[in-house]
Amino acid sequence: MEQFDLYIDGAFTPGAARFESRDPSTGTPWALIAEARAAEVDAAVAAAKRAFRSGPWPAMTATARGKLLHRLADLVQAAAPELARIETRDTGKIIRETSAQIAYVADYYRYYAGLADKIEGAHLPIDKPDMEVWLRREPIGVVAAIVPWNSQLFLSAVKLGPALAAGCTVVLKASEDGPAPLLAFARLVHEAGFPPGVVNVITGFAPDCGAVLTAHPDIDHIAFTGGPETARHVLRSSAENLASTSLELGGKSPFIIFADADLDSAVNAQIAGIFAATGQSCVAGSRLLVQDSIREKVLATLADRAARIVSGPPGDSATEIGPLCTERQRAQLHGIVTASVAAGARLICGGVLPEGPGSYYPPTILDCTETPDAPCLRQELFGPVLSVTGFTDEADAIRIANDTAYGLASGVFTRDLTRAHRMIRAIRAGIVWVNTYRAVSPIAPFGGHGLSGHGREGGLAAALDFTTVKTVWLRTSDDPIPDPFVMR
Ligand code: NAD
């Protein structure tokens, strides 16, 4: 079995114990993972705090930090095939997707490498003649970056990139499910030459690792991606030390097709929106809203296309849909599909547990037009299950689209330009894609409202979120300070 170690204070360590990681396509263990418990979490946070306060990192210029990030980007790009192999093996995410995504992850590091020396302060035209006042943008401190198992190289790049560009130090915690790719990534951090303690990479289970990290008094900021329930735990434990947080949580994103849309494009985008990454995507377009006049036609086309999706081993380049990451997740998903059918949802395709090894689940479509309270319409399923609702007109589409506690992403397919603009304004979500879906870029902010969290990743604003403003007052007069009892 392959072995993966923790990375703490510039050294690789086997941790408190080792646990097995399973290949989701076969259910058999393939790797031994080092586990961090309280002592390792403490060591990682202490190393990050030391590296933040003393040593070469705080003395480094922003340009030098940018060069290190450029080096990391080059290493990620060169290692992309190997990282993709490991991520595919450990999480079941198909090789087509991991290969393309990790190559693009390098661009995220490049974007933040270029940004490092462009995080500027400001000079204020202050209302007093004998004062110079300016603002320094300083790094916020020690960051806990916590990611789930899906797309974790990508999800850590959108935290590490801006945090390091801003001058922070980081304890990056991989999920206990599929942690191998991030522990492999730590080898590249080491090779890039970051000073010890600037980046620490650990993994472990919630009570002994995640909860200890978020409650740690020396953590200044928590950048979290995961589910809303875990986010509540994170907020409760970070309340003790009042760390700031950014939360990137799940979604139940509406994908809206009007009758005037280019149906071929809309159907293709919807197939990608729900079945790519085997539906394990926070921005999955998991609620299809389709205008009543074309509903049956769209359902038939989707079912036909879904039937032709190639399901198979995730490492095979022909595979389009692989296994879910864990058996636990498959059981939960199937339970909700079964309950929704029992509640009256019409099963268009899929919905049957396949026989054989691996946590596979077929592309599944449920028409919930007559069952607006079906559980599949309300809960994030994180799997290849599309819930469909018909709508009559624009107002009806807006009402249904916003009838959710989430607010991450949305898609609108229409050829009517003025309607597109009205929909953009009316939809309550952090992202609106018009006549496209699931496009991302390091240049564009990403995040949501409500149960989808708060804060944004990507773009310049994300780097500013890892800074704090220091206001500097400098008196330019040599005259004695007048009346000490009057505030100036
Ligand atoms: P999860 O919330 O169970 O776990 C996320 C991370 O939190 C893991 O590293 C886990 O070990 C850690 N964790 C668990 N309990 C903790 C605790 N008490 N304290 C601190 N850390 C703890 O999520 P998951 O099931 O691994 O991932 C799926 C979820 O992530 C979905 O809801 C999905 O939508 C969301 N997600 C959101 C985005 C986004 O950018 N908005 C991207 C990907 C995934």
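Trainee: How do the residues of the shell around the ligand divide into nonpolar, polar and charged?

Mentor: This is a predicted model. Its shell holds 14 nonpolar, 10 polar and four charged residues.

Trainee: What makes Thr-230 a polar contact of the ligand?

Mentor: Set the value against the cut-off. A polar contact needs N or O atoms within 3.5 Å. An N or O atom in the Thr-230 side chain is 2.6 Å from a ligand oxygen. So the pair counts.

Trainee: Why is Gly-227 called a polar contact too?

Mentor: Here a backbone N or O atom lies 2.8 Å from an oxygen atom of the ligand. The limit is 3.5 Å, so Gly-227 qualifies.

Trainee: And what about Trp-149?

Mentor: A polar side-chain atom of Trp-149 lies 3.3 Å from a ligand oxygen. That is within 3.5 Å, so Trp-149 passes.

Trainee: How much of the ligand does the protein bury?

Mentor: The ligand alone exposes 850 Å². The protein buries 88% of that.

Trainee: Which elements give two or more residues to the shell around the ligand?

Mentor: They are α7 (206-214), β11 (221-225) and α8 (228-238). The largest share, four residues, comes from α7.

Trainee: How do you know that both domains take part?

Mentor: Domain 1 (2-248) and domain 2 (254-434) each give at least three residues to the shell.

Notes
Residues numbered from 1 in each chain as written. Predicted model: local features only at pLDDT ≥ 70, side-chain atom pairs only at ≥ 80, totals over all residues. Heavy atoms only, no water. Polar contact = N/O pair within 3.5 Å; in protein donor to acceptor, adjacent residues only side chain to side chain. Areas by Shrake-Rupley, 256 points an atom, 1.4 Å probe, with all protein chains shown as cover. Nonpolar A, V, L, I, M, F, W, Y, C, P; charged D, E, K, R; others polar. Domains from an automatic or database assignment.
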